[in-house]
Amino acid sequence: MAKRIGVYPGTFDPVTNGHMDIIRRASLLADQLIIAVSTNAGKGPLLTIGERMSLMEAELADPRNGLEHGRIELRAFDNLLMHFVEEMGAHFIIRGLRAVSDFEYEFQMAGMNARLDPNVETVFLMASERQQFISSRFIKEIGRLGGRIDEFVSPRVNDYLKKIFSDGR
């Protein structure tokens, strides 16, 4: 039987508890899960690709996150997602949904991706109840304005962001 390879793409600027929840659950669906960190300069990320990769790598390696390390791989990409998925030999794309507004955008993207490669499926995972309102954008905004974000990110990410915000970035 062929290995089921999935790709979970995102900017992960920064990686949140919501992202980690989706990764945990997606890893149960795939024999191999590739976490694909997009450079996505168009979004104007707070963190560099190197910072995002380092934080994600640390989160994936943390035993408290309960992940099987041999089955999860971390990669950066800067090309069309479908090209990356094809290069990886993946069979499906994982997308997390928080609200109806996410679904509309993701539905359009899934349709476009299906036109680009009908052999690749998109699998939607609903955010867990405790994670539904977490977004990287809100975390950055709250953190930048001095609010508490420790409920939404790991202690490692919380400390890293505090330092960045105190440095005026």
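A residue counts as buried when its relative accessible area is under 20%, and at 3% Phe 12 therefore falls in that class. Please keep in mind that you are looking at a predicted model. This briefing starts with the loop that holds Phe 12, between strand 1 and helix 1, then moves on to helix 1, the largest pocket and the nonpolar cores.

**The loop between strand 1 and helix 1**

- Phe 12 is worth a look for its backbone: phi is positive, about 50°, although the residue is not a glycine.
- A little further along, the peptide bond that joins Asp 13 and Pro 14 is cis, with omega about 0°. Pro 14 belongs to this loop too.
- Thr 16 is another residue of the loop. Its relative accessible area is 4%, so Thr 16 is buried.
- What does Thr 16 touch, once neighbours within four places in sequence are left aside? Its contacts are Ile 134, Ser 136, Ile 139, Phe 152 and Val 153.
- Thr 16 sits 10 residues from Gly 6 in sequence, and their C-alpha atoms are 20 Å apart in space.

**Helix 1**

- Thr 16 also caps the N-terminal end of helix 1, where one of its side-chain oxygens lies 3.1 Å from the backbone nitrogen of Gly 18.
- Helix 1 spans residues 17-26 and is mostly covered, with 7 of its 10 residues buried.
- Those buried residues are Gly 18, His 19, Met 20, Asp 21, Ile 22, Ile 23 and Ala 26.
- As background, an α-helix has 3.6 residues a turn, so residues three or four places apart point the same way.

**The largest pocket**

- How much space lies in the largest pocket? The computed value is about 1400 Å³.
- The lining consists of 49 residues, and those nearest the centre of the pocket are Thr 11, Lys 43, Arg 95, Arg 98 and Glu 106.
- By type, the lining is made up of 21 nonpolar, 18 polar and 10 charged residues.
- Strand 1 (5-10), helix 1, strand 4 (92-97), helix 4 (100-116) and helix 5 (136-144) each give at least two residues to the lining. Helix 4 has the largest share, with 9 residues.
- Glu 106, one of the residues nearest the pocket centre, is part of helix 4.
- Is Glu 106 buried or exposed? Its relative accessibility is 8%, so Glu 106 counts as buried.
- Setting aside residues up to four places away in sequence, Glu 106 touches Arg 95, Leu 97 and Phe 124. Among these partners, Arg 95 is itself listed with the residues nearest the pocket centre.

**The nonpolar cores**

- In soluble globular proteins, nonpolar side chains tend to be buried together.
- Which members of the largest nonpolar core touch the most other members? They are Ile 23, Leu 33 and Ile 35, in a core of 30 residues.
- Two or more residues of this core come from each of helix 1, strand 2 (32-38), helix 2 (49-61), strand 4 and helix 6 (155-166).
- Ile 23 is one of the buried residues of helix 1. Apart from residues up to four places away in sequence, Ile 23 touches Tyr 8, Leu 33, Ile 35, Met 56, Leu 60, Leu 67 and Ile 72.
- A second core, separate from that one, has 13 residues, including Ile 5, Phe 77, Val 85 and Ala 90.

Notes: Residues numbered from 1 in each chain as written. Predicted model: local features only at pLDDT ≥ 70, side-chain atom pairs only at ≥ 80, totals over all residues. Heavy atoms only, no water. Buried < 20%, exposed > 50% of the residue type's maximum accessible area, 1.4 Å probe, protein only. Helix = DSSP H or I, 4+ residues; strand = E, 2+ residues; numbered from the N terminus. Polar contact = N/O pair within 3.5 Å; in protein donor to acceptor, adjacent residues only side chain to side chain. 1 Å grid on protein atoms, 1.4 Å probe; cavity = no way out; pocket = protein on both sides within 12 Å on 5 of 7 lines; lining within 4 Å. Points joined across faces, edges and corners; volume = space filled by probe spheres on them. Nonpolar A, V, L, I, M, F, W, Y, C, P; charged D, E, K, R; others polar. Core = buried A, V, L, I, M, F, W, Y, C linked by side-chain atoms within 4.5 Å. Contact = heavy atoms within 4.5 Å.
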